[in-house]
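Trainee: Hi! I'm new to this one. Could you walk me through it?
Mentor: Happy to. Let's bring it up and take it piece by piece.

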Amino acid sequence: MKKTVVLSMLMMFILSSCNKDKYGNTDISSSTHTVSWVFEDPSYTTTIIVPEITQDVLDNGAIMVYMTNFNGGWIALPCTLPMDVSYASTFTPEFFVGGVKIWQTDTDLLTLDPGTMQFKVVVLTQKQMEAHPDLVLTDYSSVEKALNL
């Protein structure tokens, strides 16, 4: 009986050690970026360097991008914003190891330079995703509050 308890404790220690190593030390990263744009017909693009985006985060974690709504709040991407009755602008993130590329395209394909804008990038490891299973990632206010950003 004593051997079974010791063996069970040893197995729990080994398994818990593996989990700690798998996710690394940085569980949450949040950064704000002011960007300018480059025209790539028919869209404008901007690239944000985010070293915390690793292959493990791409495979197992979450990356959220929010853009300013110019009223003190943040809108989760991707999003489509109506500009008037005839067209809308769509902002779409594309993730890669080390960064995010954001595409801005208008429905009429006559995209105007969106000008200087601010974006927030929040990177969560799988460990943080598991620690906050009810987190509503599309709502920056709740993410900010839950993760103490």
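Trainee: For a start, what share of the residues is buried?
Mentor: Of the 149 residues in the protein, 36% are buried. Keep in mind that this is a predicted model.

Trainee: Noted. And how much accessible surface does the protein have?
Mentor: About 9100 Å², and carbon and sulfur atoms account for 58% of that.

Trainee: How many helices and strands are there?
Mentor: The protein has 4 helices and 9 strands. Starting at the N terminus, the order is α-β-β-β-α-β-β-β-β-β-β-α-α.

Trainee: In what order do strands line up in the open sheet?
Mentor: The open sheet has 5 strands, ordered E2-E3-E8-E7-E6, with antiparallel pairing. From one strand to the next, the twist averages 25°.

Trainee: Which strands stand at the edges?
Mentor: Those are E2 (38-40) and E6 (79-82). Each has a single partner strand, so one side of each has no neighbour in the sheet.

Trainee: What holds paired strands of a sheet together, generally?
Mentor: Strands pair through backbone hydrogen bonds, in either a parallel or an antiparallel way.

Trainee: Back to E2, then. Over how many bridges does it pair with E3?
Mentor: E2 and E3 (residues 43-49) pair over 3 bridges, in the antiparallel sense. To find one of them, look for Glu 40, whose bridge partner in E3 is Ser 43.

Trainee: And at the other edge, how many bridges link E6 and E7?
Mentor: There, E6 pairs with E7 (residues 88-96) over 4 bridges, again antiparallel. Cys 79 has Phe 91 in E7 as its bridge partner. A hairpin of 5 residues connects E6 to E7.

Trainee: New topic: the inside. Which residues have the most contacts within the largest nonpolar core?
Mentor: That core has 19 residues, and the ones with the most contacts inside it are Trp 37, Leu 77, Val 100, Ile 102, Phe 119 and Val 121. At least two residues come from each of E3, E4 (62-68), E8 (99-106) and E9 (117-124). E9 gives the most, with 4 residues.

Trainee: What does Val 100 touch, leaving aside its neighbours within four places in sequence?
Mentor: Its contacts include Thr 46, Ile 48, Ile 63, Val 65, Phe 95 and Val 121.

Trainee: Where do Leu 137 and Tyr 140 belong?
Mentor: They sit in another core, apart from the 19-residue one. This other core has 11 residues, among them Val 122, Leu 137, Tyr 140 and Leu 147.

Technical notes. Residues numbered from 1 in each chain as written. Predicted model: local features only at pLDDT ≥ 70, side-chain atom pairs only at ≥ 80, totals over all residues. Heavy atoms only, no water. Pairing = 2+ DSSP bridges. Axes fitted to C-alpha atoms, helices over the stretch in contact; angles between N-to-C directions. Core = buried A, V, L, I, M, F, W, Y, C linked by side-chain atoms within 4.5 Å. Buried < 20%, exposed > 50% of the residue type's maximum accessible area, 1.4 Å probe, protein only. Contact = heavy atoms within 4.5 Å. Areas by Shrake-Rupley, 256 points an atom, 1.4 Å probe, with all protein chains shown as cover.
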